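Got your viewer open? Let's take a walk through this one, a stop at a time, with something to select at each.

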Amino acid sequence: MRYAWSMTERILPLTSTMQDEHLSLATLLRHATTWYADAAEVATWTPEKTTRMSFGQLGVEAAKLANALTSLGVTPGDRVGTFQWNNNEHMTAYVAIPAMGSVLHTLNIRLFPNQVTFIANHAEDRVIIADGSLIPQLNAALGGMTTVRHIVIVDGDTGAVEAPAGVEVHDYRQLVDAQSGEYDWPEIDERAAAAACYTSGTTGDPKGVMYSHRSIWLHSTAVCASYGLAMGPSDTVLPIVPMFHAMSWGTPFGALMSGASLILPDRYLQPEPMTRLLAEEKPTMSAAVPAVWIGIVNHLETHPQDISHLRHIACGGSAVPLSLAKTLQEKHGVQMVQAWGMTETSPLASIAWPPRGVDGDEAWRYRNTQGRFLPGVQGRLVDDLGQTVPADGVSQGEVQVRGPWITGSYYSPEGAEPVGADKFEDGWLRTGDIGKLTEDGYVTLVDRSKDVIKSGGEWISSVELENEVMAHPAVLEAVAIGVPDPKWDERPLVAVVLQPGRTVTVAELREHLSGKFAKWQIPDTWSFIAEVPKTSVGKFDKKVLRAQHADGRLDVRTD
Ligand code: ADP
């Protein structure tokens with residue numbers, strides 16, 4: 001039975017007796033460093049060695065970094081950029097900067113230099129902490145930065161930084177080791193900005209989201225909960241999703257909250273070192289985009305290894321191919337759980353744990369969705385006419401969300417023109433994702449609105465096409481785009497990367513899809529490519545593929 005829920009405006013009839021302690025990241029740091037001082041750790045894995053730091057040491061390092069930043073003139077509210085891999089020093093910045101009341105601004109190291117410059121200027125970063133191995137990328141972006149006054153280099157040659165006049169360069173260890181390991185952390189209003197992250201610009205100019213202490217705290221509770229990413233004090237978590245991308249899905253703060261240990265892979269994200277890390281550290285949980293696990297699973301084909309120490313892997317950022325989740329489950333005994341979210345949603349918004357009491361194919365049907373909304377996320381689907389569409393598992397609309405860890409606007413510096421106002425409607429965030437919703441709250445994404453393939457006025461879901469093509473045993477990766485067609489407006493084209501040593505014909509692929517799609521939905525044009533172009537955060541880059549097609553650079557075949 002369904003209940004027709006409705007709600008009035010906010011009211012405050014009688015004040016409660018509860019303490020008004022604000023949910024700040026300083027309190028999370030206190031909790032983690034006090035009660036898990038020796039029970040949990042953060043570690044950086046490299047092929048040479050693993051560098052471990054207990055949560056107790058993390059507290060000392062964070063205090064030293066806060067003192068160091070204060071000595072550089074950083075005050076509460078100032079933005080401090082990070083240009084780093086997932087490692088101990090990045091984790092130290094993650095906790096020290098917000099806990100001192102400043103704003104941790106994670107810069108995406110894989111963006112074009114002019115985008116990094118744009119983002120650092122837009123956020124008005126004063127200091128950037130950068131990894132020594134990234135100095136060339138930093139140099140390419142540094143020239144145009146107008147607000148940065150200090151660069152702090154972790155493990156690298158400070159002399160190699162091409163600092164413009166007025167910018168001082170420091171060595172991280174020298175700067176930090178000269179400081180006291182104690183710091184008077186401030187009590188912070190929970191509504192204050194704690195961290196900033198810019199969308200990776202898959203759709204237009206990067207736009208900034210400023211998370212508050214409160215939003216991160218509440219989001220962390222969902223990250224840890226068993227209905228969320230399920231992290232606890234007996235876990236060792238391997239966040240492969242970069243700390244510069246959507247806060248590594250909240251895993252660093254989730255670790256502080258739950259006392260889980262973190263094993264961080266630094267720059268070693270390729271399948272070979274990753275499988276060595278898995279063998280040596282035996283993490284119990286991981287988080288990454290599908291492309292990473294496609295690579296690892298493929299590597300395991302020729303280099304078998306037991307990875308059943310992984311209780312589960314959270315996967316999202318783009319649609320998780322069912323074939324990938326099935327291989328992990330059936331061959332490796334590892335549950336891959338699909339999550340959905342975006343930079344604007346902290347990012348965790350929904351996750352696909354199947355309901356109680358289902359198994360077999362029915363469970364897979366649930367697991368193949370983007371999941372149920374989390375308690376901090378209210379969701380609805382809205383059609384082109386602005387009408388809410390029913391949760392009947394069939395009707396489609398744009399997914400719109402609201403809640404305490406959903407951004408209410410994009411960041412604009414004072415006095416600047418607001419950006420992205422069209423992405424909000426009556427207090428709801430318009431995600432740009434098209435989906436359908438079942439009565440029991442599972443959302444299935446059909447496409448991003450700009451990726452929808454519209455053939456003869458009807459939609460073809462690129463996500464469904466990709467999923468089915470990737471289920472063919474000869475296919476490693478597949479990406480579907482709409483290409484212009486004089487008769488139908490648009491027709492689907494699927495670009496395919498083959499499994500090493502395998503071949504397949506277009507006719508066989510079409511045959512594989514028949515019965516699963518209507519005839520008119522089955523692509524006539526295909527392309528065999530060596531590699532799918534990826535965005536800075538490892539998603540299929542359809543923009544690049546469309547441009548390659550438009551310029552005639554794609555070898556298109558119909559048989
Ligand atoms: P960008 O917008 O720059 O790509 P985000 O990482 O914030 O950066 O991307 C969020 C988008 O990623 C979502 O709006 C959605 O289109 C896509 N996405 C995230 N998780 C999933 C998922 N499980 N399945 C399909 N698409 C997903």
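Before the first stop, one term: two strands count as paired here if DSSP finds at least two bridges between them. Keep in mind, too, that this is a predicted model.

**Stop 1: a pair of strands.** Select residues 103-106, which are strand β4, and residues 193-198, which are strand β8. These two pair in the parallel sense, over three bridges. Now click on Leu104: which residue of β8 is its bridge partner? That would be Ala195. As general background, strands of a sheet pair through backbone hydrogen bonds, either parallel or antiparallel.

**Stop 2: the whole sheet.** Widen the selection and you'll find seven strands in an open sheet, in the order β7-β6-β5-β3-β4-β8-β9, with mixed pairing. Look at the edges: β7 (168-171) and β9 (208-212) each have a single partner strand, so one side of each has no neighbour in the sheet. Going from one strand to the next, the twist averages 20°.

**Stop 3: helices on the sheet.** Add residues 113-123, helix α4. This helix lies across β3 (79-83), β4, β5 (125-131) and β8, and runs at about 155° to β8. Next, pick residues 213-224 for helix α7, which packs on the sheet and touches β8 and β9. The direction of α7 makes about 75° with that of β9.

**Stop 4: two crossing helices.** Jump to helix α9 (residues 271-281) and helix α10 (residues 290-302). Their axes come within 9 Å and cross at roughly 80°. Angles of 65 to 115 degrees count as roughly perpendicular, and α9 and α10 are therefore roughly perpendicular to each other. To see where they touch, show the side chains of Pro271, Glu272, Met274, Thr275 and Leu278 on α9, with Trp293, Gly295, Ile296, His299 and Leu300 on α10. Sorted by class, that contact has six nonpolar, three polar and one charged residues.

**Stop 5: a helix with two sides.** Finish at helix α14, residues 506-513. Which of its residues are buried? Colour Val506, Leu509, His512 and Leu513. Look down the axis of α14: the buried residues fall within an arc of 120°, so they line one face of the helix. Ala507 and Glu511, on the other side, are exposed. To see what covers the buried residues, show α13 (462-470), β24 (475-485), β25 (489-498), β26 (525-528) and β27 (556-557), which are among the covering elements. Last click: Gly515, just after α14, takes a positive phi of about 95°.

How values were computed
Residues numbered from 1 in each chain as written. Predicted model: local features only at pLDDT ≥ 70, side-chain atom pairs only at ≥ 80, totals over all residues. Heavy atoms only, no water. Axes fitted to C-alpha atoms, helices over the stretch in contact; angles between N-to-C directions. Helix = DSSP H or I, 4+ residues; strand = E, 2+ residues; numbered from the N terminus. Parallel < 35°, antiparallel > 145°, perpendicular 65-115°, else oblique. Contact = heavy atoms within 4.5 Å. Nonpolar A, V, L, I, M, F, W, Y, C, P; charged D, E, K, R; others polar. Buried < 20%, exposed > 50% of the residue type's maximum accessible area, 1.4 Å probe, protein only. Arc of directions from axis to C-beta.
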